[in-house]
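Work through the exercises below with the sequence and the coordinates at hand. Each task is followed by a stepwise solution.

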Amino acid sequence: MSAAAPATEIVIGDAVIAGVAARAAAAVAGVRRLEPGVLGLVGQLARTGRQLWTGQEPAPAGGVRVRRAGQWLKIHVDLTMSGGARVGEVGRMVQREVARMVAEQTGVAVDEVVVTVLDIEPGQP
């Protein structure tokens with residue numbers, strides 16, 4: 001008689017999701033940089049402190065906030081765009097890439113990605 005395999009659960013932490021989302025958003029053409037904003041700074045400080053306290057290397061995720069409610073996942077991305085880039089096009093591409101990369105790398109489906117453009121820098125796109 002063979003014993004049944006023990007039940008396992010894999011939990012993907014918010015810091016991991018935020019790090020994947022940050023890398024995906026920053027790679028989109030027209031995104032100059034991610035900006036944490038006031039709420040993002042508070043969240044980033046808390047997350048970094050918690051990671052340092054537990055001996056983890058903080059993931060670069062400034063400008064990204066992750067919100068969960070049960071199985072529902074919402075990601076907020078605050079960014080600065082390059083001058084000459086089209087806000088709507090870049091915003092939609094950030095939404096698509098963040099959702100795609102988070103799902104691809106973590107297996108977690110993203111229900112919503114909110115992009116806030118905090119600034120547009122003059123110069124080349």
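**Exercise 1. Find the strand that pairs with β3 over 6 bridges, and give the sense of the pairing.**

Step 1. Strand β2 (residues 64-69) pairs with β3 in the antiparallel sense over 6 bridges. Strands are DSSP runs of E with at least two residues, helices are runs of H or I with at least four, and both are numbered from the N terminus. Two strands pair if DSSP finds at least two bridges between them.

Step 2. At the hairpin, A69 stands opposite W72 in β3. There are 2 residues between the strands of this hairpin, and G70 takes a positive phi near 65°.

Before going on, note the conventions. The model is predicted, so local features need pLDDT of at least 70 and side-chain atom pairs count only at pLDDT 80 or more, while totals for chains, interfaces and linings use all residues. Residues are numbered from 1 along each chain as its sequence is written, and side-chain values use heavy atoms, with hydrogens and water left out.

**Exercise 2. State which strands β1 and β4 pair with, and in which sense.**

Step 1. Strand β1 (residues 31-34) is joined to β3 by 3 bridges, and the two run antiparallel. V31 has M81 of β3 as its bridge partner.

Step 2. Strand β4 (residues 112-121) runs parallel to β3, with 9 bridges between them. Between β3 and β4 the chain passes through helix α3 (residues 87-106), and this β-α-β crossover is right-handed. That term applies if, with the strands pointing away from the viewer, the path from the first strand over the helix to the second runs clockwise.

Step 3. T80 has D119 of β4 as its bridge partner.

**Exercise 3. Is T80 buried or exposed, and what does its side chain contact?**

Step 1. T80 lies in strand β3, where 10 of the 11 residues (72-82) are buried.

Step 2. T80 has a relative accessible area of 0% and is therefore buried. The cut-offs are under 20% for buried, over 50% for exposed and in between for partly exposed (1.4 Å probe, protein chains only).

Step 3. The side chains of T80 and E35 make a polar contact at 2.9 Å. Such a contact is a pair of N or O atoms within 3.5 Å; within protein, one must be able to donate a hydrogen and the other to accept it, and residues adjacent in sequence count only if both atoms are side-chain atoms.

Step 4. Beyond four places in sequence, the contacts of T80 (heavy atoms within 4.5 Å) include G30, V31, R33 and E121.

**Exercise 4. Classify V114 and L118 by accessibility.**

Step 1. V114 lies in β4 and is partly exposed, at 23% relative accessibility. Not counting residues up to four places away in sequence, V114 touches K74, I75, H76 and V77.

Step 2. L118, also in β4, is partly exposed at 47%. Its C-alpha is 9.3 Å from that of L34, 84 residues away in sequence.

**Exercise 5. Check the span of helix α1 (residues 14-26).**

Step 1. The expected span is 1.5 Å times one less than the number of residues.

Step 2. For 13 residues this gives 18 Å, and the end C-alpha atoms are 18 Å apart, so the two agree.

**Exercise 6. Where is confidence lowest, and where is it highest?**

Step 1. The mean pLDDT (the predictor's confidence in each residue, from 0 to 100) is 85 for the protein, and 78% of the residues score at least 70.

Step 2. Helix α2 (residues 37-53) is lowest, at a mean of 60, and α3 is highest, at 97. Where pLDDT is low, the predicted coordinates should not be read in detail.
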